[in-house]
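Subject: Structure handover

Hello,

Here is the structure I said I would pass on. Please look it over, and then read the notes underneath.

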Amino acid sequence: DRRDPNQTEFQEAVFTVLDSLAPILEAHPEYVKSNLLAQLVEPERAIQFRVPWQSDDGQFNVNRGFRVQFNSAIGPYKGGLRLHPSVNLSVVKFLGFEQILKNSLTGLPIGGAKGGSDFDPKGKSDSEIMRFCQSFMTELQRHIGPDLDVPAGDIGVGGREIGYLFGTYKRLNGYQNGVLTGKGLTFGGSLARTEATGFGLLYYTNAMLKAQGDTLTGKKIKISGAGNVATYAIQKATELGAKVITVSDSNGYIYDPKGIDYKVVQQIKEVERGRIREYADRVASAEYHGGSVWDFDVDYDIALPCATQNEINKDQAKLIVKDGVKYVCEGANMPSYPDAIAIYRDGDILYGPAKAANAGGVAVSALEMSQNSERLAWSFETVDNRLQDIMEDIFAKSEAADKKYHLDKDYQAGANIAGFEKVAEAMMAQGLV
Ligand code: NDP
């Protein structure tokens, strides 16, 4: 608090995790004695840099770039890059901190990091995006490497941006395809990486329902966002027999009582790079409304926030309870305010926190690293099956920790404890480093 007075997102993430670690700290007094938590909340390294770039009209612009290498106890730093005007050190630190435990939960050997810039990609031309990415990587390249730190995509960074970033890295350092994940399929990318976070979210949700003797068949689902995560969450939910009734962006949302057609969303967002309101022009049963989808009052069963942090406040959480929702699983990172999470719990909603429910993206990124190391490419089915196993295992680990510490279906605390345990053991074994 005293050291980072303005880092509200970072503090929110840290306090939420620390709150839930009490039972494991009681069981392991050696963690407390060695002041492990003080090490855990301090990034190993936080890099901030200038990113100058030129727009098409000739104007010079300067943005701020970040890479926070938070924890390498269990493997090389790994985590996405975000391009959004709201990016600052607090946001990057919150994401990097969450990434430590998320990456641990996947069971794969990857440490935690995050990066990005306050550059706004909206409305920029292809060549502006390319020039920005080239400038960003010109500095970032000296801090990353296939065994050191492996960035990936996040908000505003998809296949196009990773391609430009990779091209610049290669020009400066030679071909090392393990330095970034989320690459195109023609230069070392993994099949199913694009789908991984959205598909993984549904595999996790499915596992949670199964543990309650419930199923996704016929369930009505509200999804927010219309980006990479939301799009493939809609596809997998539909394939698993549920009906997704909403999709949104930062301007408004679509309500389609007949079920959102993910192919139309993919066409508008991925092919045409358009806005989600255009969905209503193409699908007769759909309505477009301005404002937040979480203020929209309609009965449904499952909420899957897939847009951004802090998109659901206390009052919106009350509406979620009132609308009869039984499960909230997070595709986005930290979409629910802490007091919203408390309301889910009071309302008997089972809650799947981001670091468990959305770990599918980074899990498949780690599988992309494996494929790059062995210079092979696995089939879609192989990667998708591994993803499904990993997501089921993440739920199983969270549930086991929940049972061990008698937390009464608190899968958030279960995930925090299960993710923390491995990192803590590794940090203890390595001593003060
Ligand atoms: P995209 O950039 O592809 O899409 C983001 C979507 O969320 C867009 O529809 C965007 O709308 C909307 N959005 C962004 N900011 C806001 C806001 N302030 N209010 C309302 N809507 C907003 O990003 P992703 O789909 O990749 O990421 C979404 C979330 O999932 C993020 O929290 C990210 O950290 C998380 N995540 C992503 C992973 C991945 O593999 N991509 C992995 C794990 C987590 P608009 O176009 O109007 O901005």
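How many bridges join S8 to strand S9 (residues 287–290), and do the two run parallel or antiparallel? There are 4 bridges between S8 and S9, and the strands are antiparallel. Within this pair, Tyr255 is placed opposite Glu287 of S9.

Please keep in mind that this is a predicted model.

Strands S7 to S9

S8 (residues 252–255) also pairs with S7 (residues 243–248), again in antiparallel fashion, through 3 bridges. Ser248 is found opposite Tyr253 of S8. S7 and S8 make a hairpin, with 3 residues between the two strands.

The chain as a whole

In total the chain contains 17 helices and 12 strands. Its C-alpha trace extends over about 60 × 55 × 45 Å along the principal axes. The radius of gyration is 21 Å; a compact globule of 433 residues would have one near 22 Å, so the two agree. Of the 433 residues, 51% are buried. Among contacts with a separation of 6 or more, 73% are between residues 24 or more positions apart.

Two domains

The chain is divided into domain 1, which covers 8–177, and domain 2, which covers 194–352. Their C-alpha centres are 26 Å apart. Where they touch, 9 residues of domain 1 are in contact with 7 residues of domain 2. On the domain 1 side, the elements giving two or more residues are helix H1 (8–20) and helix H5 (89–105). H1 provides the largest share of that side, with 4 residues. Sorted by class, the same side of domain 1 has 4 nonpolar, 2 polar and 3 charged residues.

The ligand

Where does the ligand lie with respect to the two domains? The shell around the ligand takes residues from both domain 1 (8–177) and domain 2 (194–352), so the ligand lies between them. There are 23 residues around the ligand, and those that come nearest are Gly227, Asp249, Ser250, Ala332 and Gly361. Helix H9 (residues 228–239) gives the largest share of the shell, 3 residues. By class, the shell is made up of 13 polar, 7 nonpolar and 3 charged residues.

If you open the model, the residues that come nearest the ligand, Gly227 and Asp249 among them, are one place to begin. The pairing of S8 with S9 is another.

Regards

Technical notes:
Residues numbered from 1 in each chain as written. Predicted model: local features only at pLDDT ≥ 70, side-chain atom pairs only at ≥ 80, totals over all residues. Near = placed C-beta within 6 Å. Nonpolar A, V, L, I, M, F, W, Y, C, P; charged D, E, K, R; others polar. Domains from an automatic or database assignment. Pairing = 2+ DSSP bridges. Rg over C-alpha atoms; globule rule 2.2 N^0.38 Å. Buried ≥ 20, exposed ≤ 12 C-beta atoms within 10 Å, placed from the backbone. Contact = placed C-beta atoms within 7 Å.
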